[in-house]
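Reader: I would like a close look at one part of this protein. Please show me its pockets and what lines them.

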Amino acid sequence: MNKVTLEDVKSARETIKDIVKKTDLLESVKLSEKTGSRVFYKCENLQKTGSFKLRGACNKIANLTEEEKACGVIASSAGNHAQGVAYGAKMTGIKATIVMPATAPIAKVSATKGYGAEVILNGTVYDDAFAKAVEVQKETGATFLHPFDDKYVIAGQGTIGLEIFEQLDSNVDTILCPIGGGGIISGIAVAAKALNPNVKIIGVQTENIPSMKESMENGKITSAFKDTTIADGIAVKTPGDLTFEIIHELVDEVVVVTEEEIADAILFMMESQKIVSEGAGAVCTAALLSGKYVPEKDKNVVCIISGGNVDVNVLYRIIGVALASEGRRFSFTVVMDDKPGNFAKLTTLISENGGNVLTANQGKISAGESLGKQSAEFTLETYGFDHINKLTEVIRDNGFKII
């Protein structure tokens, strides 16, 4: 196994220094207040192509032989590695083919095509795209660029760790990092542990695809898939050999968060920090908000925002879920007598008690209820669960049935 070292990471920084941005490190005041530590965001969502993946992809391409470049490159990706490879290939003047899951966000597919790459869609998660890419690679002879299980890719991602230590003057106590296949956390762990062996490295996965969490618990690479996830950037069923070896040695803990917790984190980041993050980039915030990881007091904690490439339509739905989970959006159906003025009475009750009607749909009921009834479906903007309970009580006390 090719061991990745701090020198590899430093070499990668020299290789890609004129391509990538040194992204901002911003304190999250609200997370700092909540945790009792100083919590910072490493904003790779502001990187070129919208994610950290550019670092590893460009370092890998720069280290290809001329023969490998002449064959063109092929990669499999949930979306962000795709854009990194496409961008790097375009700058180098080589042909790129990218295989992505059919479930990849439209924004990521469009951006990858925009950088000049040919895109093939296959399957529902990264592993399906990988299998297809291997098949295409055998047919075309293109050079395969692995998104995470590669020494040069890992070293490129590790440059994030170097930047963090520079930006905090080496006063780094804990780094929280998303885990999919493990490339970014492996690179950061190599750099951070070499600079300070006492720094804690915490990985965060989605509960729906906890492959590295289960691999760590089992002491061997373990595939895991329970359901799809809004954190598509870390939807990897099987970790890499090299990344597992590094993570098993250097990462202190791996925690998992739910889909609802990820949605809450995305909304929190938008409202408190004015940051738009994709699902994968929000898992570290989700871990802190939910209490899945509780840092020590009075420490410097860094959360990696791995990317911001989220489809606007998906973001709209995620925000809806997050608002509902916080009691700030309430959907329900009311059955009432079909009498003139009843609908108006109901909407008046809602408005008098502080509910803001977002949508209202009225219709007759003829099945399952007696004749002479009508139903109405509402979605309200509310102030929390106490407000929802108050509205529900008032509506029922006035003779309306909520189902």
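Author: What follows looks at the pockets, after a short view of the whole chain and before one helix pair. Keep in mind that this is a predicted model.

Start with the chain. It has 403 residues, and 56% of them count as buried. Its secondary structure comprises 16 helices and 14 strands. Taken along the principal axes, the C-alpha atoms fill a box of roughly 80 × 55 × 40 Å. Now take the contacts with a separation of 6 or more. Residues 24 or more positions apart account for 72% of them.

Next, the pockets. How can empty space be found at all? Rolling a probe the size of a water molecule over the atoms shows where it is left.

The largest pocket comes first. Its volume is about 340 Å³. A set of 21 residues lines the largest pocket. Which of them lie nearest its centre? They are Thr103, Pro105, Thr229, Ile230 and Asp232. Look at the classes too. The lining holds 11 nonpolar, 6 polar and 4 charged residues. Helix 14 gives the most to this lining, with 3 residues.

Now go to the second largest pocket. Here the volume is about 180 Å³. The lining is made by 13 residues. Nearest the centre lie Lys3, Val4, Val190, Glu249 and Leu250. Two elements give two or more residues to this lining: helix 9 (183–195) and helix 11 (241–250). Helix 11 gives the most, with 5 residues. By class, the second lining has 7 nonpolar, 2 polar and 4 charged residues.

Back to helix 14, the element that gives the most to the lining of the largest pocket. Helix 14 spans residues 312–325 and packs with helix 12, residues 259–273. Their axes are 8 Å apart, and the angle is about 100°. Angles of 65 to 115 degrees count as roughly perpendicular, so helix 12 is roughly perpendicular to helix 14.

Which residues make this contact? Helix 12 brings Glu260, Ala263, Asp264, Ile266, Leu267 and Met270. Helix 14 brings Leu315, Ile318, Ile319, Val321, Ala322, Leu323 and Ser325. Sorted by class, the residues of the contact are 10 nonpolar, 1 polar and 2 charged.

To put the pieces together: helix 14 packs against helix 12 and also gives 3 residues to the lining of the largest pocket. For the second largest pocket, look to helix 11, which gives 5 residues.

Terms used. Residues are numbered from 1 along each chain as its sequence is written. This is a predicted model: local features need pLDDT of at least 70, side-chain atom pairs count only at pLDDT 80 or more; totals for chains, interfaces and linings use all residues. Side-chain values use heavy atoms; hydrogens and water are left out. Axes are lines fitted to C-alpha atoms, for helices over the stretch in contact, and angles run from 0 to 180 degrees between N-to-C directions. Helices (H or I, at least four residues) and strands (E, at least two) are DSSP runs, numbered from the N terminus. Angles under 35 degrees count as roughly parallel, over 145 as roughly antiparallel, 65 to 115 as roughly perpendicular and the rest as oblique. Contact means heavy atoms within 4.5 Å. Ala, Val, Leu, Ile, Met, Phe, Trp, Tyr, Cys and Pro count as nonpolar, Asp, Glu, Lys and Arg as charged, and the others, Gly among them, as polar. On a 1 Å grid over the protein atoms alone, a cavity is a set of points where a 1.4 Å probe fits but cannot get out, and a pocket is an open set with protein on both sides within 12 Å along at least five of seven lines; lining residues have an atom within 4 Å of a point. Grid points are joined across faces, edges and corners, and a volume is the space filled by probe spheres set on the points. Buried means under 20% relative accessible area, exposed over 50%, partly exposed in between (1.4 Å probe, protein chains only).
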